[in-house]
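Colleague: I have a model on the screen and a few things to ask. Can we go through them one by one?

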Amino acid sequence: MSAEPRPTLPPVRLHSDAELARDALVAPLFARAVRLARWAGPDTRVDVGGELVADQLAGAVTVLDLDERDEDSPVYASQAWRVAVDTGLVDVTEPEEDAGDGAEGEEPEYGTATPGEDLALVAGGAPGDVLDLWLAALDTVLADAAVPDLDDLVDALDAGGEIDFDRLDWNPQREADFLDGVLANLYLLTVSEGGAGEGPVPLPVLAASMIVPDDMGDPTDAVLEQVSDAMMRLDDQFRQLEPIGLVEYQPVDEELMAEADDEEFAAADRAGAEDEDVSRYGMVRLTPLGLYGVRARMLEAGVEAPAIGELADKGADTLLDAVSAYPERAAQAEIEQWLAGRELPAAVTELLAAARGDDEGAPLRRLRCQQALAPAGREAEPAVRAVLDDPELGGLARVWLAEHGVGDVPVPDGEMVFWLTVDTLAAQLAADGDTEELPLLMRGLTENHTGFFEKVWRVEHPATAYVLEAMGRLHPDKKASKEARKAAFKARSRRP
């Protein structure tokens with residue numbers, strides 16, 4: 001059995017489809033699109049392109065209870081209509097392009113609009129149907145958010161009324177890819193242990209994550225200016241993405257935008273999240289619905305983005321291989337859901353069988369197996385006792401029995417003790433790398449076992465040389481570190 005490749009992203013804990021569908025239905029923009037779809041009928045007139053004609057747009061503003069005095073209300077109504085059309089909530093029949101405006105005194109020809117078949121799914125479909133409609137709406141909103149604002153478009157019009165894309169410096173695919181990258185970084189910050197979690201991310205931090213190279217020390221002025229430009233673009237885009245329910249967004253302070261220049265925004269990036277005023281530069285977080293939406297888009301793009309609970313119906317071998325690559329808390333959550341649907345004795349037997357192996361991933365599988373068995377009660381005892389004589393699982397079984405207060409546990413021989421020591425260190429190195437705790441653990445091992453290195457290099461474990469090399473690198477005692485390197489050489493010579 002070989003270890004599965006590590007997933008691209010840490011696993012995410014998603015709300016249920018029913019909860020997410022409810023969130024979708026109350027997202028302001030989606031809810032408006034549904035209302036307009038129910039309003040559409042035989043008298044609804046549209047232009048070429050399916051847009052509402054002027055007087056119909058005014059009617060849409062009224063239907064949506066928008067403020068008729070607000071100049072932005074027609075924009076909101078038009079966007080909701082476009083979402084309704086793009087998602088199939090509304091079916092439009094456009095007028096013939098060559099119909100013109102009609103003869104003088106005659107009514108121009110218009111297209112018509114009626115509720116689409118998919119509108120019935122809003123009230124009568126499954127939660128997954130509602131989420132599919134919401135994802136289609138999200139595609140429309142993301143496409144709109146990647147378009148330059150109206151002022152930039154007007155400035156880029158040439159004398160013939162055509163857009164000068166070179167002057168605009170706008171590449172549609174580049175802008176769409178940039179926004180997808182921003183959302184992917186926000187997703188990663190949210191799901192990573194030690195990341196933002198459910199808290200908001202400062203806009204300067206998010207913009208810098210897209211612009212500043214990982215290996216750059218102090219960003220140059222040119223890079224900081226790019227970060228500032230990106231912040232301004234993202235401020236406008238997140239304002240557009242909030243109504244569809246993707247994010248919760250605290251915009252850049254209007255006063256700051258009016259007064260600050262690029263240098264001040266660059267200063268915000270230098271200060272980072274520790275600056276007490278960083279919230280003035282914008283704060284954003286993905287909603288639970290937003291996590292679902294960004295993950296769905298990444299899956300469609302071929303990115304591996306696991307979710308807690310999706311292994312519940314898989315075998316123990318698949319479970320342990322997968323959670324070996326998860327952060328510890330995520331692994332525990334996945335294991336708990338896997339165990340919840342099974343009879344414990346049979347599940348324990350299956351987990352122990354899946355933990356066997358001498359491949360590179362086996363030590364970490366056994367560590368995750370031990371983690372899975374830790375909360376199990378005494379009903380797991382027979383399955384654990386059954387592997388006491390197993391050379392790979394006997395040590396693990398003894399640890400579990402001792403921790404659960406079981407008597408008459410056989411004392412392990414020296415060979416098993418050292419094998420378990422190598423296996424445990426190999427698993428810790430695979431799980432967390434060179435942590436601060438490992439040198440302390442290594443010191444304790446060598447101090448409590450006389451002649452530790454003379455014995456351990458003989459252990460018949462595939463990772464013996466690897467573990468000893470790590471001890472030579474990490475052990476806090478120089479003499480022990482030197483002995484570890486010598487022992488690693490012997491182990492490597494004995495078993496290349």
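What follows is a short round of questions and answers on this predicted model.

Colleague: How many helices and strands does the chain have?

Modeller: Helices and strands are counted along the whole chain, which has 496 residues. The secondary structure comes to 25 helices and six strands.

Colleague: What share of the residues counts as buried?

Modeller: Buried means under 20% relative accessible area. Ser73, in helix α4, is one example. Its relative accessible area is 2%. Of the 496 residues of the chain, the share that counts as buried is 44%.

Colleague: Which residues does Ser73 touch, leaving out those up to four places away in sequence?

Modeller: Ser73 belongs to helix α4, residues 73-87. Ser73 is buried. Beyond its sequence neighbours, Ser73 touches Val61, Leu66 and Asp67.

Colleague: How many residues are in the largest nonpolar core?

Modeller: In soluble globular proteins, nonpolar side chains tend to be buried together. Here, Trp134, Tyr187, Phe238 and Leu246 have the most contacts inside the largest core. Helix α6, residues 127-145, gives the largest share, ten residues. The core has 75 residues.

Colleague: And how many residues does the other core have, the one with Leu311 and Val348?

Modeller: That core lies apart from the largest one. Cys369 and Leu393 are also among its members. The count is 36 residues.

Colleague: Are α21 and α22 roughly parallel or roughly antiparallel?

Modeller: Helix α21 covers residues 414-432, and helix α22 covers residues 437-448. Their axes come within 12 Å and cross at roughly 170°. Angles over 145 degrees count as roughly antiparallel. The two helices are therefore roughly antiparallel.

Colleague: Which residues make that contact, and how do they divide by type?

Modeller: From α21 come Thr421, Leu425, Gln428 and Leu429. From α22 come Leu438, Leu441 and Leu445. They divide into five nonpolar, two polar and no charged.

Colleague: How are α1 and α14 oriented to each other?

Modeller: Helix α1 is residues 17-26, and helix α14 is residues 288-300. Their axes are 9 Å apart, at an angle of about 100°. Angles from 65 to 115 degrees count as roughly perpendicular. So α1 and α14 are roughly perpendicular.

Colleague: How many charged residues are in the contact of α1 with α14?

Modeller: Leu20, Asp23 and Ala24 of α1 meet Pro288, Leu289 and Tyr292 of α14. Five of these residues are nonpolar, and none is polar. The charged count is one.

Colleague: Is helix α24 largely enclosed or not, and which elements do its buried residues pack against?

Modeller: Eight of the eleven residues of α24 are buried, so it is largely enclosed by the rest of the structure. The buried ones include Val467, Leu468 and Met471. They pack against α21, α22, α23 and α25.

Colleague: Which residues of strand β6 are buried on each face?

Modeller: In a regular strand the side chains alternate between the two faces of the sheet. Strand β6, residues 283-286, is covered on both faces. One side has Met283 and Arg285, and the other has Val284 and Leu286.

Colleague: Which residue of strand β5 stands opposite Arg285?

Modeller: Strand β5, residues 247-250, pairs with β6 in the antiparallel sense over four bridges. Strand β4 also joins β6, through two bridges. There, Pro202 stands opposite Met283. Opposite Arg285 stands Glu248.

Methods: Residues are numbered from 1 along each chain as its sequence is written. This is a predicted model: local features need pLDDT of at least 70, side-chain atom pairs count only at pLDDT 80 or more; totals for chains, interfaces and linings use all residues. Side-chain values use heavy atoms; hydrogens and water are left out. Axes are lines fitted to C-alpha atoms, for helices over the stretch in contact, and angles run from 0 to 180 degrees between N-to-C directions. Angles under 35 degrees count as roughly parallel, over 145 as roughly antiparallel, 65 to 115 as roughly perpendicular and the rest as oblique. Contact means heavy atoms within 4.5 Å. Ala, Val, Leu, Ile, Met, Phe, Trp, Tyr, Cys and Pro count as nonpolar, Asp, Glu, Lys and Arg as charged, and the others, Gly among them, as polar. A nonpolar core is a set of buried Ala, Val, Leu, Ile, Met, Phe, Trp, Tyr and Cys residues joined through side-chain atoms within 4.5 Å. Buried means under 20% relative accessible area, exposed over 50%, partly exposed in between (1.4 Å probe, protein chains only). Two strands pair if DSSP finds at least two bridges between them.
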